[in-house]
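Q: Could you take me through one part of this protein in detail? I'd like a close look at the buried charged side chains and what sits around them.

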Amino acid sequence: ADRSKSFQAKMKGTINRVFTWGMEESFIKDIYQSPTIGIKVNRKSERVPTILNRQEISKLMDSAKTLDSPWYPIWAMALLTGCRNGELFALTWDDIDFSSKSIRVSKSYNKRLRLTKSTKAGYWRNIPINTDLKKLLLELKSTSVTEHVLPRIRDWRQGYQARALKIFCAGIGITPIRFQDLRACFATQLLQNKVAPATVMKICGWKELDTMARYIRLAGIDESGATDSLQILSDAEACKKVVSLYKKG
């Protein structure tokens with residue numbers, strides 16, 4: 001009672017696994033199926049990612065640089081590569097290839113386990129380096145004293161990246177977003193710039209089409225202009241409706 005749908009689904013799965021194990025190991029007698037059989041938990045509604053529009057992205061970057069925020073290179077890298085938080089944290093100079101103008105993303109840092117492992121999808125991918133990203137990387141390279149590309153600021157090491165970004169966004173008067181929403185900003189900007197969805201999937205490291213479809217909806221590229229051909233009113237009737245708005249009562 002009064003627990004979230006995700007909690008209910010997790011509890012159902014836990015009970016099911018315990019009973020399945022108990023029956024297979026003969027610890028549970030005279031019961032041949034889990035008590036969770038037949039119980040349905042409605043899936044929780046999909047959360048619409050919060051993203052920044054182009055003007056807000058520009059304001060975020062300009063403000064962070066003007067105010068000399070230590071987060072500037074981290075946020076900029078996220079917006080220019082679409083990398084996840086752990087992937088950014090694990091990025092080293094060995095992953096940067098200026099000659100081929102690409103970044104190889106092959107590992108991710110797990111803060112809870114405190115170890116570097118493979119990416120979430122389990123395979124490596126390449127991200128092209130554009131002019132802005134090359135400029136940022138060269139600036140970082142000129143001051144770097146470690147193998148890591150990005151600075152290891154204290155709040156990032158302690159896992160406060162989401163809070164820091166929300167507070168900064170609110171402070172400069174733009175939509176407060178979470179750190180992981182920077183990845184959504186990257187994907188939707190590419191889609192709105194007419195980059196093929198298959199290419200965006202490859203760059204971002206998504207295997208599932210459902211994930212890609214979510215960002216296509218968010219970018220609005222499927223819906224844009226779709227209703228332009230519809231006309232319910234004739235030209236004359238439409239004109240009358242418009243003119244009537246300006247009649248004095």
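What follows is a walk through the buried charges and their surroundings.

A: Happy to. One caveat up front: this is a predicted model, so local features need pLDDT of at least 70 and side-chain atom pairs count only at pLDDT 80 or more, while totals for chains, interfaces and linings use all residues. Residues are numbered from 1 along each chain as its sequence is written, and side-chain values use heavy atoms, with hydrogens and water left out.

Some background on the chain. The chain has 11 helices and 5 strands; these are DSSP runs numbered from the N terminus, with helices being H or I over at least four residues and strands being E over at least two. Of its 249 residues, 34% count as buried, where buried means under 20% relative accessible area, exposed means over 50%, and partly exposed is in between (1.4 Å probe, protein chains only). Contact here means heavy atoms within 4.5 Å. Among contacts in the chain with a separation of 6 or more, 60% are between residues 24 or more positions apart.

Now the charges. Side chains of opposite charge can pair when their charged atoms come close. The structure holds 4 salt bridges, each being a side-chain nitrogen of Lys or Arg within 4 Å of a carboxyl oxygen of Asp or Glu.

Start with E87. At 1% relative accessibility, E87 counts as buried. The side chain of E87 meets that of R84 in a salt bridge, 2.9 Å from N to O, and R84 is buried as well. E87 also forms a salt bridge with R125, where the closest N and O atoms are 2.7 Å apart. That second pair links distant parts of the chain: E87 sits in helix α4 (residues 85–90) and R125 in strand β5 (residues 125–128), 38 residues apart. R125 is buried too, with a relative accessible area of 4%. Put together, R84, E87 and R125 are linked in a network of salt bridges.

What else touches the two arginines? C204 is in contact with R84 and R125, and also with R183, F186 and A187, leaving aside residues up to four places away in sequence. C204 belongs to helix α9 (residues 197–204) and counts as buried at 0% relative accessibility. Along the sequence C204 and R125 are 79 residues apart, yet their C-alpha atoms are 8.0 Å apart in space.

On the other side of the sequence from α4 is helix α3 (residues 72–81), which is largely enclosed by the rest of the structure because 9 of its 10 residues are buried. Those buried residues are Y72, P73, I74, W75, A76, M77, A78, L79 and T81. Just after α3, G82 takes a positive phi of about 75 degrees.

Next up is the pairing of D95 and K107. D95 forms a salt bridge with K107, the closest N and O atoms being 2.5 Å apart. D95 lies in the loop between α4 and β1 (96–97) and K107 in the loop between β2 and β3, so the pair ties together parts that are 12 residues apart in sequence. Both D95 and K107 are buried.

K107 has plenty of other company. Leaving out residues up to four places away in sequence, K107 touches E87, A90, T92, D95, T116, K117, S118 and T119. That list includes E87, the glutamate from the network described above. The side chains of K107 and T92 are joined by a polar contact of 3.4 Å, meaning a pair of N or O atoms within 3.5 Å; within protein, one must be able to donate a hydrogen and the other to accept it, and residues adjacent in sequence count only if both atoms are side-chain atoms. K107 and F89 are 18 residues apart in sequence, with 9.4 Å between their C-alpha atoms.

Finally, a buried charge without a partner. E56 lies in helix α2 (residues 54–66). E56 is buried yet has no salt bridge, and the nearest side chain of opposite charge, K59, is 8.1 Å away; Lys and Arg count as positive and Asp and Glu as negative, with His and the chain ends not counted. Apart from neighbours within four places in sequence, E56 is in contact with I51, I174 and T175.
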